[in-house]
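These are my notebook entries on a structure I was asked to look through. I record below what I looked up, one topic at a time.

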Amino acid sequence: MTPGPLAPPVPLAEPPRECDLAVIGAGIVGLAAAHELSRRHPDAAIAVLEREPRIAAHQTGHSSGVVHAGIYYRPGSLKAELCVRGAAELYEYCARRGIRFERAGKVIVATREPELAGLAELERRGTQNGVPGLRRIDADELREIEPHATGIAALHSPATGVVDFGAVAEALAADVVASGATIATGCAVQSISADGRTVAIGHSRGVTKARAAVACAGAWSDRIAVAAGAPADPRIVPVRGAYLLLRPERRDLVRTSIYPVPDPDLPFLGMHLTRDLDGQVHLGPSALMVAARDAYRLRRVRPRDLAQTLAWPGTWRLLRRHWRTALTELRAGISRRSFVSELRRYVPELSPSDVVPGHSGVRAQALGRDGALVDDFVVSRTERVLHVRNAPSPAATSALALAGRIADMVEEDPGVG
Ligand SMILES: Cc1cc2nc3c(=O)[nH]c(=O)nc-3n(C[C@H](O)[C@H](O)[C@H](O)COP(=O)(O)OP(=O)(O)OC[C@H]3O[C@@H](n4cnc5c(N)ncnc54)[C@H](O)[C@@H]3O)c2cc1C
């Protein structure tokens with residue numbers, strides 16, 4: 001299913017002047033947080049303030065649509081805990097709300113001897129994280145699951161699935177509105193100031209005062225945090241991911257999802273091939289640092305975004321450390337032939353004539369001043385405001401569990417509870 005414009009699920013609501021809890025951002029994380037808070041506090045007045053005219057307009061509506069099982073993440077990390085739990089909660093929510101999903105499974109394929117150590121580490125992590133049914137398979141079993149894939153060994157994860165995260169966001173939004181909360185779209189938050197008892201949120205449609213706020217602003221989360229008085233570190237740098245689509249007559253090359261063994265130094269899972277709920281096969285995403293936080297078109301430049309990326313010391317430290325990967329990604333980002341040849345390692349029959357351009361997404365990648373890509377989810381505080389400062393993949397999968405964590409933190413704050 002190629003992401004496209006979503007129908008607005010809720011009528012344009014007026015942002016309230018006062019409420020108990022305000023959530024900034026109507027991506028899947030903000031909506032899941034509002035959903036959880038309204039479930040726990042049915043009498044609280046809750047408002048979601050979203051800048052775009054519709055919900056799920058950014059990362060949530062432009063993902064790979066993969067429900068991750070929790071294999072990759074360092075045991076003990078928030079990602080490990082919240083992905084495994086979040087996937088289970090997501091499947092349960094989809095079943096209850098009648099949202100289509102499929103536990104189609106996936107394979108992570110090693111094609112060369114040096115990748116075997118990485119595959120063993122993924123198996124160790126996945127097992128320790130409690131990923132259901134994860135199993136090492138040999139080349140013959142790989143062929144049974146994915147007849148066109150080649151590798152010397154693989155991991156099979158039957159619990160990995162596919163879903164349309166935009167549809168999940170719509171259902172969450174409908175539930176939030178049904179619980180009495182407000183979702184105000186076209187409402188861009190510009191300022192945040194706390195005065196001890198309340199937080200005043202200035203936005204394009206006026207001012208909303210709340211007892212507490214939760215900011216889930218994705219690619220703009222650093223700006224909201226800085227506006228509320230938090231440090232600039234980590235900064236968000238936009239990383240564009242482009243996809244190709246298999247031509248309909250070649251879709252039989254991929255039955256489920258085929259992933260590489262990822263580079264352990266980078267928080268990306270690598271370019272993969274994934275069959276969605278409608279049978280379309282998406283190839284990608286590439287990973288290219290771009291000049292706008294909404295660079296759905298490669299050439300889009302937003303001077304403020306570009307200046308902030310270039311002025312950040314971490315950008316240059318990152319590029320010095322990973323210039324080889326950056327060059328490979330640049331090639332894949334601009335040349336279809338290079339893109340396809342990366343994936344031909346897993347599916348040798350694939351050729352450039354089998355593909356057409358697909359959608360693109362922009363990852364909100366938190367980057368430290370020291371040049372380290374922030375891997376785990378990060379939630380921090382300023383007075384009366386919680387900031388989700390890093391919610392990259394698998395945050396869509398983890399959203400319901402992450403929302404539980406956010407609600408716990410809201411309740412822990414003595415100024416709020
Ligand atoms: C290419 C790509 C592929 C991915 N694939 C997967 C996958 O297969 N599985 C998975 O689990 N995850 C995947 N992810 C990650 C996943 O999409 C994100 O982790 C998740 O959607 C983050 O949700 P969010 O609500 O934090 O951010 P977003 O969906 O980006 O939402 C943030 C919202 O905040 C709003 N906002 C920003 N600033 C303001 C402001 N000033 N005032 C008001 N509102 C504001 C924005 O308009 C936006 O609606 C992928 C991401 C990308 C980019």
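**Entry 1: salt bridges**

I began with the side chains of Asp175 and Arg97, which meet in a salt bridge with an N to O distance of 3.1 Å. Asp175 belongs to helix 5 (residues 165–178) and Arg97 to helix 2, so this pair ties together parts that are 78 residues apart in sequence. I note that the model is a predicted one. I then looked up how far each partner is covered. Asp175 is partly exposed, because its relative accessible area of 21% is not under the 20% that marks a buried residue. Arg97 also counts as partly exposed, at 30% relative accessibility.

Next I turned to Asp20 and Arg211, whose side chains form a salt bridge at 3.6 Å, N to O. This pair links distant parts of the chain: Asp20 is in strand 1 (residues 18–24), Arg211 is in strand 12 (residues 206–215), and they stand 191 residues apart. I found Asp20 to be partly exposed at 21% relative accessibility, and Arg211 to be partly exposed at 36%.

The third pair I looked up was Glu412 with Arg381, a salt bridge in which the closest N and O atoms are 3.5 Å apart. Glu412 lies in helix 11 (residues 395–412) and Arg381 in strand 19 (residues 378–382), so the pair ties together parts that are 31 residues apart in sequence. Is Glu412 buried or exposed? Glu412 counts as exposed, because its relative accessibility of 54% is over the 50% cut-off. Arg381 is partly exposed, with a relative accessible area of 37%.

I also recorded a network of salt bridges that links Glu36, Arg39, Arg40, Asp408 and Glu411. How many salt bridges are there by the rule used? The count comes to 26.

**Entry 2: aromatic pairs**

A pair of aromatic rings is described by the distance of the centres and the angle of the planes. I searched the whole structure for such pairs and noted two. Tyr72 and Tyr73 form a tilted pair, with 5.9 Å from centre to centre and 55° between the planes. Both of these tyrosines, Tyr72 and Tyr73, are buried.

Tyr91 and Phe101 also form a tilted pair, at 5.2 Å centre to centre and with 40° between the planes. Here Tyr91 comes from helix 2 (residues 78–97) and Phe101 from strand 4 (residues 101–102), with their positions 10 residues apart in the numbering. I found Tyr91 to be buried, with a relative accessible area of 5%, whereas Phe101 counts as partly exposed at 27%.

**Entry 3: backbone features**

Most residues other than glycine have a negative phi, and most peptide bonds are trans. I therefore looked for exceptions to both parts of this statement.

Where are the cis peptide bonds that I recorded? One runs from Asp233 to Pro234, with omega near 5°. Pro234 is placed in the loop between helix 6 (221–227) and strand 13 (235–246). A cis bond also joins Gly284 and Pro285, with omega at about -5°. Pro285 sits in the loop between strand 16 (281–284) and strand 17 (288–289).

For phi, I recorded Ala56, which is not a glycine yet has a positive value of about 55°. Ala56 is in the loop between strand 2 (46–49) and strand 3 (66–67), and is buried with a relative accessible area of 2%. Arg384, likewise not a glycine, has a positive phi of about 65°. I located Arg384 in the loop between strand 19 and strand 20 (385–390), where this arginine counts as buried at 12% relative accessibility.

**Entry 4: a nonpolar surface patch**

I looked up which residues make the nonpolar surface patch of about 480 Å² and listed Met289, Val301, Leu306, Leu310, Trp316 and Leu319. Helix 7 (303–311) and helix 8 (313–321) are the elements that give two or more residues to this patch. Leu319 lies in helix 8. Leu319 is partly exposed, and its relative accessible area of 31% can place this leucine in a patch because the cut-off there is over 30%.

**Entry 5: confidence**

Finally, I checked the confidence of the prediction. The protein averages a pLDDT of 93, and 96% of the residues score at least 70. Over residues 2–9, however, the pLDDT is below 50, and this stretch has 19 contacts in the model beyond near neighbours in sequence.

Methods: Residues are numbered from 1 along each chain as its sequence is written. This is a predicted model: local features need pLDDT of at least 70, side-chain atom pairs count only at pLDDT 80 or more; totals for chains, interfaces and linings use all residues. Side-chain values use heavy atoms; hydrogens and water are left out. Patches are made of residues with over 30% relative accessible area and no salt bridge: like charges are joined within 9 Å, nonpolar side chains (Val, Leu, Ile, Met, Phe, Trp, Tyr) within 5 Å. Accessible areas come from the Shrake-Rupley method with a 1.4 Å probe; for residues, only the protein chains shown count as cover. A salt bridge is a side-chain nitrogen of Lys or Arg within 4 Å of a carboxyl oxygen of Asp or Glu. Helices (H or I, at least four residues) and strands (E, at least two) are DSSP runs, numbered from the N terminus. Buried means under 20% relative accessible area, exposed over 50%, partly exposed in between (1.4 Å probe, protein chains only). pLDDT is the predictor's confidence in each residue, from 0 to 100. Contact means heavy atoms within 4.5 Å. Rings of Phe, Tyr and Trp (its six-membered ring) pair if their centres lie within 6.5 Å; planes under 30 degrees apart count as stacked, over 60 as edge-to-face and the rest as tilted.
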